[in-house]
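Student: Could you take me through the ligand sites of this model, with a close look at how the protein holds each ligand?

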Amino acid sequence: NLYLLTCRYYIPQFKPHNRATDVPYMVKVLVAGAAGGIGQPLSLLLKQNLPAGSTLALFDVVNVIGVGEDLSHINTHVKLEVHLGDLKNPSNTTELDKATQNLDLAVIPAGVPRKPGMTRDDLFKVNAGIVKGLVESIAKNSPKALIAIITNPVNSTVPAAAEILKKAGVYDPKRLFGVSTLDIVRAQTFIGQLKGQNPAEVKVHVIGGHSPETMLPILSSVSGISFSEEETSSLSTKIKEAGTAVVNAKDGMGSATLSMAYAGARFALGLVKALNGESGIIEDSYVDTSSTDLGVSFLAVPVEFGKNGIEKIHPLPQMNESEKKQLAELIPIVQKNIDTGLEFAKSA
Ligand code: NAD
Ligand code: LMR
């Protein structure tokens, strides 16, 4: 069974636990947007891989009852809660408020995807409104939950979420994440393919933001691998434009869903492992960097997970002169994206 073998190989698995010593062990994870292109396979991977005894809550405004019934037949010891929101009256939070009770982690892939010709920024208006409603409910019902936002444009939806959490009086910069893991997954894949190495073992950082103008793959410090100037240039472009390649190939039927679900599961399961006391889990993620000397309040940087979300923001990977210059150039663009998010949340 190739599918299962692949999952077993790539998705972090939980070691057998000793219930007497492992605290807190069981978690409640919400997928908001669970009936969508990302939400369905992400929910499948979480149903398959969350620690036994955990609860997986599914929320969407369409089709989620069927998705929940389908997933409920999978014989893992992960309890499902299924909540259908009110599509005609999105401000009706009755079901959403049930979904957001007692959360350890909320993963948010709810929102509209791109079509060919669009940028991620074109999605902001619609998607910021969706994220706002979800984050307000999480703030009210599970103020200590970790929140991982997949919804684009990540560079702006995450600062908007931070401002919404601030307004609710519960913002903790250690608990809010923008998921840029797909950029690292792609970089690992493309480098592995080019150099004939196992992609899962390629150690590469992608920092900055989640758009071609702000994404910075650090190819000069991939451990054990070096690239010619030509390879660096073509790999960088391929990584930065990979989302658009999927959008164009899907030809109007949305953007990356399966690879994003894989990346989202890797990210969410990493956080859950850290909540359960595992140390040394590091992912690049778009987080609040105002406590650093980077000179910008959000950036994708190497982050170590811990029991309270971010245990530590690690120093940026070593960069060559060209990468340092690119970083300096992208920061003002990220800042503009941040301002878009903050302005929306302040006036909403
Ligand atoms: P999709 O349209 O297939 O699914 C989105 C789901 O969100 C739908 O089921 C929809 O009903 C649901 N939804 C809409 N409003 C909602 C609300 N208020 N509450 C709960 N659910 C709601 O889209 P998709 O392909 O799954 O993509 C979702 C988002 O993820 C898009 O914004 C896309 O750009 C983004 N994305 C981000 C990355 C990344 O790397 N961060 C990668 C791929 C896609
Ligand atoms: C991606 O990188 O695949 C996502 O951000 C979706 C998109 O719009 O490209």
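Tutor: Happy to; here is ligand 1, followed by ligand 2. This is a predicted model, where local features need pLDDT of at least 70 and side-chain atom pairs count only at pLDDT 80 or more, while totals for chains, interfaces and linings use all residues. Residues are numbered from 1 along each chain as its sequence is written, chains are lettered from A and ligands numbered from 1 in the order in which they are written, and side-chain values use heavy atoms, with hydrogens and water left out.

Let's begin with ligand 1. Its shell holds 28 residues, and the closest are G37, I38, D60, V112 and N152; a residue is near a molecule if one of its heavy atoms lies within 4 Å of it. By class, this shell has 17 nonpolar residues, 10 polar and one charged. Here Ala, Val, Leu, Ile, Met, Phe, Trp, Tyr, Cys and Pro count as nonpolar, Asp, Glu, Lys and Arg as charged, and the others, Gly among them, as polar.

Polar contacts (pairs of N or O atoms within 3.5 Å) come from both backbone and side chain. A polar backbone atom of G36 is 3.3 Å from an oxygen atom of ligand 1, and an N or O atom in the side chain of N127 is 3.1 Å from an oxygen atom of the ligand. On the nitrogen side, a backbone N or O atom of I150 lies 3.0 Å from a nitrogen atom of ligand 1. Taken alone, ligand 1 exposes 860 Å², of which the protein buries 86%; accessible areas come from the Shrake-Rupley method with a 1.4 Å probe. The elements giving two or more residues to this shell are β2 (55-60) and α5 (124-141), and α5 gives the most, with three residues. Helices (H or I, at least four residues) and strands (E, at least two) are DSSP runs, numbered from the N terminus.

Now for ligand 2. Its surroundings are R114, R120, N152, L182, R186, H210, G243, V247, S255 and A256, which divide into three nonpolar, four polar and three charged residues. Oxygen atoms of ligand 2 meet several side chains: a polar side-chain atom of R114 lies 2.6 Å from one, a polar side-chain atom of R186 lies 2.7 Å from one, and an N or O atom in the side chain of H210 is 2.5 Å from one. On its own, ligand 2 has 260 Å² of accessible area, and the protein covers 95% of that. Two or more residues of the shell come from each of α7 (181-195) and α9 (242-250). N152 links the two descriptions, being among the closest residues to ligand 1 and also part of the surroundings of ligand 2.

Notes:
A polar contact is a pair of N or O atoms within 3.5 Å; within protein, one must be able to donate a hydrogen and the other to accept it, and residues adjacent in sequence count only if both atoms are side-chain atoms.
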